[in-house]
Amino acid sequence: MTARIVVVGSANMDLVATTPALPAPGQTVLGHGFTTVPGGKGANQALAAARAGGDCTLIGAVGDDAFGTDLLTGLRAGGVRTALVRTVAEPSGVALIAVDDAGENQIVVAPGANARLTDLRAEELAAIGAADVLVAQLEVPVETVAAAARAAREAGVTVMLNAAPARPLPADLLSTVDLLLVNEGEARALAQRRGDRIDALLDLVPRVVLTLGAKGASYGDRDGLRLDVPAPVVSAVDTTAAGDAFAGAFAVAWAESRPVADALRWACAAGAVCAGTLGAASALPTFTQIDELYGASA
């Protein structure tokens, strides 16, 4: 059966400038070019899950502007169900992104319409309850994320939280999280102490996936399982959405009940394919692309 994924999260238009080097504070640099790309962590992860073979619904909000129209069009074209994405009387969210020649980036997000996702309606709660995995991030109000997680927990749905951007997490949200997905910076912010970051985070949640960029990913749980999985080697072009590609693919693999090591390797392959392509939404890989790199790196 196809994995049923519901994502509660943001949809932004990414305004992407490429430059030889990222600017230091107060510095102006000349760039190579500019493009607009549909993005936002919620929309990216929903699109990543759909392209990875999941039946994916996004719960979110866009503005009543041209960016909002373009965001919905792109999601639908990618196979994401958008009936639960609201259109509100606010500008759509935007992300200002600079990408250097090494593929590293700097990002500033203006939430716009995403900040208006302040409650969950009956049809949205029903969709969450019918999912295999709920995926959430922190670019929409944390109270809404917590409400979605409670609804998922009550329905026996796995709650996967990508704690990005890093911020303090309320206890009522942490108590409902089944699997926490973080990168190294987010792990440091949440662990708040030295030592093994996965062990520190397991004080908060039962399972942790730590993404390590080009080095792959690590996993730990309270049953004592520890795994380290390398990433396939690719030439990085743009790492902007690589973490979102990983998250969407991992959610699908988890919903399909794949062994953890296999799910990690498959998600690492998704992130690597994405890092080799410029532009967030356009870089998110298909099931076939993930499988090809996954097989080649086995």
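These legends go with close-up views of a predicted model.

**View 1. The main nonpolar core and its best-connected residues.**
Start with the largest nonpolar core, which has 56 residues. Inside this core, the residues with the most contacts are Ile5, Leu58, Met160, Val209, Phe246, Phe250 and Leu264. Helix α9, covering residues 260–275, puts in eleven residues, the most of any contributor to this core. There's also a second, separate core, this one of 41 residues, and Ala136, Leu174, Ala187 and Val205 are among them.

**View 2. A look around Ile5.**
What does Ile5 touch, once residues up to four places away in sequence are set aside? Its partners are Ala49, Asp55, Cys56, Thr57, Val133, Val135, Ala251, Val252 and Ala255. Ile5 is also one of the residues with the most contacts inside the largest nonpolar core.

**View 3. Helices α8 and α9, packed together.**
Here helix α8 (residues 242–255) packs with α9 at an angle of about 150°, and their axes are 7 Å apart. An angle over 145 degrees counts as roughly antiparallel, so that's how α8 and α9 run relative to each other. Their crossing is right-handed. On the α8 side you'll find Ala242, Ala245, Phe246, Ala249, Phe250, Ala253 and Trp254. Facing them from α9 are Val260, Ala263, Leu264, Trp266, Ala267, Cys268, Ala270, Gly271, Cys274 and Ala275.

**View 4. Helix α9 meets helix α11.**
Now follow α9 to its packing with α11, the helix of residues 287–296. The angle is about 110° and the axes lie 8 Å apart, which makes the two helices roughly perpendicular. As α9 passes α11, the crossing is right-handed. From α9, the contact uses Asp262, Arg265, Trp266, Ala269, Ala270, Ala272 and Val273. From α11, it uses Phe287, Gln289, Ile290, Asp291, Leu293 and Tyr294. Trp266 and Ala270 of α9 take part here, and they also meet α8 in the previous view.

**View 5. Cysteines without a disulfide.**
How many disulfides does the structure hold? Zero. A disulfide would need two cysteine sulfur atoms within 2.5 Å. For Cys56, the closest cysteine sulfur belongs to Cys274 and sits 16 Å away, so a bond is out of reach. Cys268 also has Cys274 as the owner of its closest cysteine sulfur, but at 13 Å that's too far for a bond as well. Are these two cysteines, Cys56 and Cys268, buried or exposed? Cys56 is buried, at 0% relative accessibility, and Cys268 is buried too, with a relative accessible area of 5%.

Notes: Residues numbered from 1 in each chain as written. Predicted model: local features only at pLDDT ≥ 70, side-chain atom pairs only at ≥ 80, totals over all residues. Heavy atoms only, no water. Buried < 20%, exposed > 50% of the residue type's maximum accessible area, 1.4 Å probe, protein only. Core = buried A, V, L, I, M, F, W, Y, C linked by side-chain atoms within 4.5 Å. Helix = DSSP H or I, 4+ residues; strand = E, 2+ residues; numbered from the N terminus. Contact = heavy atoms within 4.5 Å. Axes fitted to C-alpha atoms, helices over the stretch in contact; angles between N-to-C directions. Parallel < 35°, antiparallel > 145°, perpendicular 65-115°, else oblique. Left-handed = near helix turned anticlockwise from the far one by under 90°.
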